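Thanks for coming, everyone. I have one structure to walk through, and I will keep it short. Please have a look at it first.

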Amino acid sequence: MKVLVTGSNGFIGKNLMVRLGELAAFEAIEFDRQDSLADLAERVTRSDAIVHLAGVNRPKNVEEFAAGNADLTGQLCDLIAATNRKIPLIISSSTQAALANPYGESKRAAEVAGELLAEKTGNPVVVYRLPNVFGKWCRPNYNSVVATFCHNVANDLPIEIRAPAAALELVYVDDLVAQFIDTLCAAPAGVSRGVVSPVYGITLGDLAEQIGAFRNCRDSLVSERVGTGLVRALYATYVTYLPLAKLAYDLPKHGDERGVFVEMLKTKDSGQFSFFTAHPGTTRGGHYHHTKTEKFLVVKGSARFGFRHVVTDEQYEVLTSGDKPQVVETVPGWAHDITNVGVDDMVVMLWANEIFDRTRSDTIAAKV
């Protein structure tokens, strides 16, 4: 399917163009502000579907709203009608189309142009009234508070919050792009409303607090819950605004005659990750836990894990090495240690199910 994307160099357009380029079923055709109406006419004739993202939202003169939104959309619809083909058209509108302001009125007029096309020709037209869209490649200090907050926090610049209780509705650009592609594959006849999902709700103050927490996690090593939902999308957005010099950051390293120990990442409810080294013949550990559990993975060298039941004195050992990926678990009530039985330094990854708390340590020294 040949898909014409107007506004292809804009924030949403860039994300859509990249995604279309990844899919063998699509060929993307660009149209942006440097192109002419003649260019648009020629590219419409080559298109099997159109996603209309081009528009004006920050003009120097208010008259540009009508020209860049209503008039351009009307011209696009005329070009589609002139092909005598029913080319599916997705129109990117705004929730402000319901408001009585110059921008909203121009977006509503653009919707009407699409509706008229569908009524006259039966052309599939799907209108998406979008709230605030955020994600990678969005310009900060323009029309996205998420982009502005992410950029400023990532670059150690101040942010301004005038109404912290103000409610926001947000859509993540990857979710929107996925819905556009689904619609391209199954656009219904006539006019329909595209449903944006999920729409995330958050206050301006909470948004600023969450983005600030992303920066703080490098010092505390405690990650925010970035695996699902809005926090996942916000974190993915935040890191795209990091200066390249900040892509790497140092970790504290603790060393003694046995080797080094480095904590990499801590989570709020799923434990922490670290690694340690041990010189040949060195034994580390020699303790047990009442509740804490751990998983060890030797990634370099050879190891002997020793276990002793603290009540029955039953003993057990496990031999493993970096040549065979194998997780060794510790069990509450069993003292355990690990000895480097190889000839080279040993490197071991470690996951513990809880963050170490010095004030309530569940680590009791005991010989194996």
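**Charges, patches and a covered helix**

Searching the whole structure turns up 19 salt bridges. Keep in mind that this is a predicted model. Let me go through some of the charged pairs.

Start with Glu-22 and Arg-19. Their side chains meet in a salt bridge, at 2.6 Å from N to O. Where do Glu-22 and Arg-19 lie? Both are in helix α1, residues 11–22. They sit three residues apart, which is about one turn of the helix. Arg-19 has 36% relative accessibility, so it counts as partly exposed.

Next pair: Arg-162 and Glu-160. This is a salt bridge too, with the closest N and O atoms 2.8 Å apart. Is Arg-162 buried or exposed? Arg-162 counts as exposed, because its relative accessibility is 73%. Glu-160 also counts as exposed, at 55%.

Now Arg-304 and Glu-317. They form a salt bridge, and the closest N and O atoms are 2.8 Å apart. Arg-304 belongs to strand β16, residues 302–309, and Glu-317 to strand β17, residues 315–321, so the pair ties together parts that are 13 residues apart in sequence. Arg-304 is partly exposed, at 27% relative accessibility. Glu-317 is partly exposed as well, at 39%.

There is also a network. Salt bridges link Arg-108, Glu-111, Glu-115, Arg-129 and Arg-193.

On to the surface patches. Which residues gather in a patch of positive charge? They are Lys-14, Arg-33, Arg-58 and Arg-139. For Arg-139, look in the loop between β6 (132–134) and α5 (145–154).

The other patch is nonpolar. Tyr-249, Leu-251, Met-264 and Phe-273 make it up on the surface. Together they have about 360 Å² of accessible area. Tyr-249 sits in the loop between α8 (229–239) and β11 (253–256). With 40% relative accessibility, Tyr-249 counts as partly exposed.

Now the helix that follows the Arg-139 loop, α5. How many of the ten residues of α5 are buried? Eight are, and the helix is mostly covered. The buried ones are Val-146, Ala-147, Thr-148, Phe-149, Cys-150, Asn-152, Val-153 and Ala-154. What do the buried residues of α5 pack against? Against β6, β7 (167–172), α7 (204–220) and α8. After α5 comes Asp-156, and its phi is positive, near 60°.

Stay with α8 for a moment. Val-231 is in that helix. Compare its position with Val-153: the two are 78 residues apart in sequence, and their C-alpha atoms are 16 Å apart in space. Which residues does Val-231 contact, leaving aside neighbours within four places in sequence? Gln-210, Phe-214, Glu-224, Arg-225 and Val-226.

Last residue: Lys-266, in strand β12, residues 259–267. Is this lysine, Lys-266, buried or exposed? Lys-266 is at 14% relative accessibility, and the cut-off for buried is under 20%, so Lys-266 counts as buried. Not counting residues up to four places away in sequence, Lys-266 touches Ser-220, Leu-221, Val-222, Ser-223, Gly-271, Gln-272 and Ile-355.

That is my tour. Over to you for discussion.

How values were computed. Residues numbered from 1 in each chain as written. Predicted model: local features only at pLDDT ≥ 70, side-chain atom pairs only at ≥ 80, totals over all residues. Heavy atoms only, no water. Patch = residues over 30% accessible without salt bridge, like charges linked within 9 Å, V, L, I, M, F, W, Y side chains within 5 Å. Areas by Shrake-Rupley, 256 points an atom, 1.4 Å probe, with all protein chains shown as cover. Salt bridge = Lys/Arg side-chain N within 4 Å of Asp/Glu carboxyl O. Lys, Arg positive; Asp, Glu negative; His and termini not counted. Charge placed at Lys NZ, Arg CZ, Asp CG, Glu CD. Helix = DSSP H or I, 4+ residues; strand = E, 2+ residues; numbered from the N terminus. Buried < 20%, exposed > 50% of the residue type's maximum accessible area, 1.4 Å probe, protein only. Contact = heavy atoms within 4.5 Å.
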